[in-house]
Structure formats: structure tokens, C-alpha cells
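Student: I've got a model open and I'd like to go through the labels people put on it. Can we check them one at a time?
Tutor: Sure, let's put it up.

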Amino acid sequence: MAKQFNVPPVIFPSDGNPGVQQRRPSANPPTVPFQPPRSSNPGIPFMSFDIGSAVASTSFSTPQFASATIGGGGGSIGFEDEPPLLEELGINTKQIYQKTLSILNPFRIKPDLHEDGDLSGPFIFLMAFGLFQLLAGKIHFGIILGWVVMASMFLYVVFNMLAGRNGNLNLYRCVSLIGYCMLPIVILSALSLFLPGGLVIKVLTGVFVVWSTRVCTRLLVELASYGDEHRGLIAYACFLIYMLFSLLVIF
């Protein structure tokens, strides 16, 4: 079966020379290929823009910061004059140190240092107590924190019931005082790691419990109103609290 091919027509020139063939001109004129503009920089032929002008137009200047101040007006404070981070968080290390020294001397207690309650020092003492118990093979972190909360609520309720409407002991100060007066029990827990059990540790336990009871009772009586009238009952409540914590050391 023969196939038919589409052959473009051949036009012979007017001079009758059949050796030269010419095709019909196309209806659409030929398109000119795209040519990128020449670079103004002869060293980089593929760059189609002027580097100098681009850098000049997009130059970045060094940012100029204003003086770092906090607040407005004439009372602004610079970063150099800011208080330390611990002080901003309400942790006064100097005050914690002074309160610790006042607890260590049960015969020369300074109640004025404990007028402002804080929880930073008690938290450190409670964590140290739990750490010493952990070194002894006892995991009591949760028990210690739970007992401190319950003991604070117990002492708060007992004191305000005794003082009546005139009682001014708040729960925050109560937690702070109980936590700071835990320092003798913390020392007892550390000594129990090196002392043999038996009579020695029991005698030391009684001494340290009386130490904590005396300090806590003195602080409560001095800081809270109408506490001197019920000193014996307050001392008994404090004795029960610290005797309970000392049982964690003995057993």
C-alpha cells in the first residue's frame, strides 16, 4: 500500500534556473531570540546588574541601640543598676544566712529577723533533710513535705484557737517558722549517718527535739500577739511536730 507524503511546493525562479529552490515565505515573521542585557561588570559576564549600585542601594548600617533602661522618665534604671536575680525572685541569701545563725544559738534568738517570712530557707533545709535520709537508704521527700504542710496547718489552727480573735499568726509565717526550726532535725539526720544506733542516737534525738521546740516556741511567742499567755500549750504542739520528724531519723 503506497503512502502519500506532503511535499512543500517548489517555486522556480524567474530566470528559469531549476537548481535553486525557494520555499514560500511563512505567514508569521521569525521571532528574535531572547538576549539578556550585557553586564556592566566585564569581569563577571553572567551578572546582569551593577554590583556597586546594588550594594549601595541595599547597604545595612550597624543598628544603634538606645541606652538600655527600664521604665520611663528621669527615674529609669539601667541594666547595670538592676537588682540581682535572686533578689528579684524574693530570695535574700543574706537574710537566710542570718536566720540560720539565729536558729543555731537557742539561747540568743533574734525574733526580729523572722518578722518577714520566706520559704527559700525552709525549702533548702527540707531538701537537705530528705537528702540525708536518702543517704541512709530512706526515700522520704514526699513524706517530709506533706508533714510540714500538715504541721503548719495544725500549729496555725491551734494558735489561733488559743489567741481567739486577737491572733495574728498567718499560715505563711507559720510555714516559715516551722521550716527554719527544722535545722536541728537536719543536723540530727546528718549525724545519724555516722553514729551507731541505740541509746546514743536516742539521747541525741531528745536533745535536738528540745532544741527545735525551744526555738520555735520562742519565735511564735515573740512574733505573734497573745502568745505568751499560752506558752506551755504552744511548746507542747511544737514538741509533737518535731518529735514526729525525729521518728523518721530513728526508724
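Student: What makes Tyr180 count as buried or exposed?
Tutor: Relative accessible area decides: buried means under 20%, exposed over 50%, and partly exposed in between, with a 1.4 Å probe and protein chains only. Tyr180 comes out at 0% relative accessibility, so it counts as buried.

Student: Before we go on, what sort of model is this?
Tutor: A predicted one: local features need pLDDT of at least 70 and side-chain atom pairs count only at pLDDT 80 or more, while totals for chains, interfaces and linings use all residues. Residues are numbered from 1 along each chain as its sequence is written, and side-chain values use heavy atoms, with hydrogens and water left out.

Student: Why is the contact between Phe125 and Tyr180 called edge-to-face?
Tutor: Rings of Phe, Tyr and Trp (its six-membered ring) pair if their centres lie within 6.5 Å; planes under 30 degrees apart are stacked, over 60 edge-to-face, and the rest tilted. The search of the whole structure gives 3 aromatic pairs. In the one formed by Phe125 and Tyr180, the centres are 5.8 Å apart and the planes make 80°, hence edge-to-face. Phe125 sits in helix H4 and Tyr180 in helix H6, so the pair ties together parts 55 residues apart in sequence. Phe125 is at 9% relative accessibility, so it counts as buried too.

Student: How do you know that Cys238 is not bonded to Cys216?
Tutor: A disulfide needs two cysteine sulfur atoms within 2.5 Å. For Cys238 the closest cysteine sulfur, in Cys216, is 3.5 Å away, so that is too far for a bond. Across the whole structure the search finds 0 disulfides. Cys174 is in none either, as its nearest cysteine sulfur, that of Cys216, is 7.2 Å away. Cys238, at 0% relative accessibility, counts as buried, and Cys174 is buried with a relative accessible area of 0%.

Student: Which residues does Leu155 touch, beyond its sequence neighbours?
Tutor: Contact means heavy atoms within 4.5 Å. Leaving aside neighbours within four places in sequence, Leu155 is in contact with Cys174, Ile178, Cys216, Leu220, Ala237, Cys238 and Ile241.

Student: What makes a set of residues a nonpolar core?
Tutor: The members are buried Ala, Val, Leu, Ile, Met, Phe, Trp, Tyr and Cys residues, joined through side-chain atoms within 4.5 Å. Here the largest such core has 41 residues, and Phe129, Leu155, Leu220, Tyr242 and Phe245 have the most contacts inside it. Helices supplying at least two residues each include H3 (93–104), H4 (120–135) and H5 (141–163). H8 gives the most, with 9 residues.

Student: How many helices and strands does the chain have?
Tutor: Both are DSSP runs numbered from the N terminus: helices are H or I with at least four residues, strands E with at least two. The chain has 9 helices and 2 strands, in the order α-β-β-α-α-α-α-α-α-α-α.

Student: Where does UniProt put the "transmembrane region" label?
Tutor: The unreviewed UniProt entry lists residues 141–159, 171–193 and 233–250; positions follow the numbering used here, feature names are shortened, and annotations may be inferred rather than shown by experiment. In the model, residues 233–250 are 100% helix and 0% strand, with end C-alpha atoms 26 Å apart. For residues 171–193 the span is 83% helix and 0% strand, and the ends lie 33 Å apart.
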